[in-house]
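Here's a quick tour of this protein for anyone who'd rather think at the bench than at a graphics screen. Have a look at the model first, then we'll walk through it.

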Amino acid sequence: MAAQIDQTESIDNITMKECYENYILIDVGANLTNKKYSRDLDSVILRAKDSGVQKIMVTGTSLKASKEALRLTRIYPNTLYSTAGIHPHDAKSYTDESWEELQRLAENIECVAIGECGLDYNRNFSEPEDQRMVFKKHIKLAIELKKPLFVHERDAHEDLLQILDEFKGKLPPILVHCFTGSFEHALAYLDKGFYIGLTGYLCKDKSDTGVRKLLENGSMPLDRLVVETDAPFMYPNTRASKLPTHVKDGLTERSMMFLHRYCTFQRNEPCSLPAIVEMIAAFMKKKPEEVALATSFNAMKLFGLS
Ligand SMILES: [Zn+2]
C-alpha cells in the first residue's frame, strides 16, 4: 500500500517538474508547408509541443503556400495558425487573379496576419519595382482587414520605412520578422512602434553592430519582442558559432536535446525554439522564463491567438 502511494506521489512530482521545466512558447513563423515536412509533420508538431511550443504560425509565402497553411490550421486547430502573403522573392509571380484568391484566404479567422511580404534587395529574385508594388498591395489589405503585417526586409530598410510612411496613421501592428539588420535599423523600427521577431540568426550574426548588440545593451524592450524559428531555415548552430561563455552556459540540457536530436542545418524544426529563447535571455541577462512569458504574451496579443 505504502509503495503504491509513493509511486503516485513520484508521478505527480514528475508531472509538476515537467510543467515547471517547460516553457510555454509561441513560434510566430515556421514554414511548415515546406516539402521537407511532408512525410512527418505530425511528429514535428508533437515534438514542438513536447519542447514547450504550444502554438505555431505557419508562414504563407505564396498563394500556394498560403492556401496550404490555411489547410493545415484546419487539421491542427488551436495549435496552428496561418498567414497569407507573397514573399518579395515571389513578387514577380503576382497576377490580379491570384491576388483575388489570396484576399479571400486572408479573410479566414485562422489567418492571423498579412504576409510574408516586404522587400528583399539582397538577392533581388524579383525586380525591386515589382516588390514595392506587391508590398503596397499587402499593406492596403492589412489595413482593410485590420490584421497585422508580417514583414520581411533584407537590405531594404530605407525603402521599407518610406513605403510604410505613405500609410502613416492607418497602419496595423507590424512585425519585422526574422530581423537580421543593424542595431540602428532595429532602433528605427522600434521607434515606429513595430515588433521585432528573432530567430536562430542570433548564432550566425557575429558582428558587434547587429542583433546581439541590440539585446546586450538593453535596447530591446521585452514587450516588443516575439520569437520564431523560420524553420526549416535559420538553424541555430550553437556549436559552430562563437557564443560568449555566459550564453553557452544558459543553454539547458533539455533544449539542447531537442536541438541536437531533431534539428539540422538542412532542416530546422519549431522544437529548436527553447534554445533560441535561452540564448536571447542570456544575451539580455534575463531569465529564459521571463523571455518566454513575455514573447508568448506579445504573440497572443499581436495576432489575437486564442
Ligand atoms: Zn522572411
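## The overall build

Let's start with how the chain folds back on itself. Of the contacts in the protein with a separation of 6 or more, 77% are between residues 24 or more positions apart. Bear in mind that this is a predicted model.

The protein has 13 helices and eight strands. Its radius of gyration is 20 Å, close to the 19 Å that the globule rule gives for 306 residues, so the protein is as compact as a globular protein of that length. Taken along the principal axes, the C-alpha atoms fill a box of roughly 75 × 45 × 35 Å. Buried residues account for 46% of the 306 residues.

## The nonpolar core

In soluble globular proteins, nonpolar side chains tend to be buried together. Here, the largest nonpolar core has 86 residues, and those with the most contacts inside it are Ile114, Leu149, Leu175, Ile196, Val227, Val277 and Ile280. Helix α12 (residues 273-284) puts in the largest share of this core, with eight residues.

Take Val277 from that list of core residues. Leaving out residues up to four places away in sequence, Val277 touches Tyr23, Leu25, Val227, Pro288, Val291 and Ala292. Past the end of α12, things look different for Lys285, found in the loop between α12 and α13 (288-303). With 11 C-beta neighbours inside 10 Å, Lys285 counts as exposed. Lys285 also has a positive phi of about 55 degrees, although it is not a glycine.

## A helix with one buried face

Helix α5 (residues 128-145) is a nice one to check with a ruler. At 1.5 Å a residue, its 18 residues should span 26 Å, and its end C-alpha atoms are indeed 26 Å apart. Which residues of α5 are buried? They are Gln131, Val134, Phe135, His138, Ile139, Leu141 and Ala142. Seen down the helix axis, these buried residues fall within an arc of 165 degrees, so they line one face of α5.

What covers the buried residues of α5 includes two helices, α4 (96-106) and α6 (157-165), plus the strands β4 (111-120) and β5 (149-154). Right after α5 comes Lys146, whose phi is positive, near 55 degrees.

## The two annotated histidines

UniProt, in an unreviewed entry, places the feature "binding site" at His152 and His177. They are spread over 26 residues of sequence but cluster in space, with a largest C-alpha distance of 5.7 Å.

His152 sits in strand β5, and is buried, with 28 other C-beta atoms within 10 Å. Setting aside residues up to four places away in sequence, His152 touches His87, Pro88, Glu116, Cys117, Gly118, Asp120 and His177. His177, for its part, is in the loop between β6 (174-176) and α7 (183-191). His177 is buried too, with 27 other C-beta atoms within 10 Å. Beyond its neighbours within four places in sequence, His177 is in contact with Gly29, Glu116, Phe150, Val151, His152, Gly197 and Glu228.

## The two annotated acids

The "binding site" annotation in the unreviewed UniProt entry also covers Glu116 and Asp230. This pair spans 115 residues in sequence, yet no two of their C-alpha atoms are more than 11.3 Å apart, so they gather at one spot. Glu116 is in strand β4 and counts as buried, with 30 C-beta neighbours inside 10 Å. Not counting residues up to four places away in sequence, Glu116 touches Thr59, Gly60, Thr61, Thr83, Gly85, His87, Phe150, His152 and His177. That list takes in both annotated histidines.

Where does Asp230 sit? Asp230 is in the loop between β8 (225-227) and α10 (245-249). Asp230 is buried, with 24 other C-beta atoms within 10 Å. Outside residues up to four places away in sequence, Asp230 touches Gly29, Ala30, Asn31, Cys178 and Thr199.

## Backbone details to look at

Which peptide bond leading into Glu116 is cis? The bond from Gly115 to Glu116 is, with omega near 15 degrees. Another cis peptide bond joins Ala231 and Pro232, where omega is about 10 degrees. Pro232 lies in the loop between β8 and α10, and Asp230 is in that loop as well. Phi of Asp230 is near 60 degrees, a positive value in a residue other than glycine.

Technical notes: Residues are numbered from 1 along each chain as its sequence is written. This is a predicted model: local features need pLDDT of at least 70, side-chain atom pairs count only at pLDDT 80 or more; totals for chains, interfaces and linings use all residues. A nonpolar core is a set of buried Ala, Val, Leu, Ile, Met, Phe, Trp, Tyr and Cys residues joined through C-beta atoms within 7 Å. A residue is buried if 20 or more other C-beta atoms lie within 10 Å of its own, exposed if 12 or fewer, and partly exposed in between; C-beta atoms are placed from the backbone. Helices (H or I, at least four residues) and strands (E, at least two) are DSSP runs, numbered from the N terminus. Two residues are in contact if their C-beta atoms, placed from the backbone, lie within 7 Å. The expected span of a helix is 1.5 Å times one less than its number of residues. The arc is that of the directions from the helix axis to the C-beta atoms. The radius of gyration is taken over C-alpha atoms; the globule rule is 2.2 Å times the number of residues to the power 0.38. UniProt positions are given in the numbering used here, feature names are shortened, and annotations may be inferred rather than shown by experiment.
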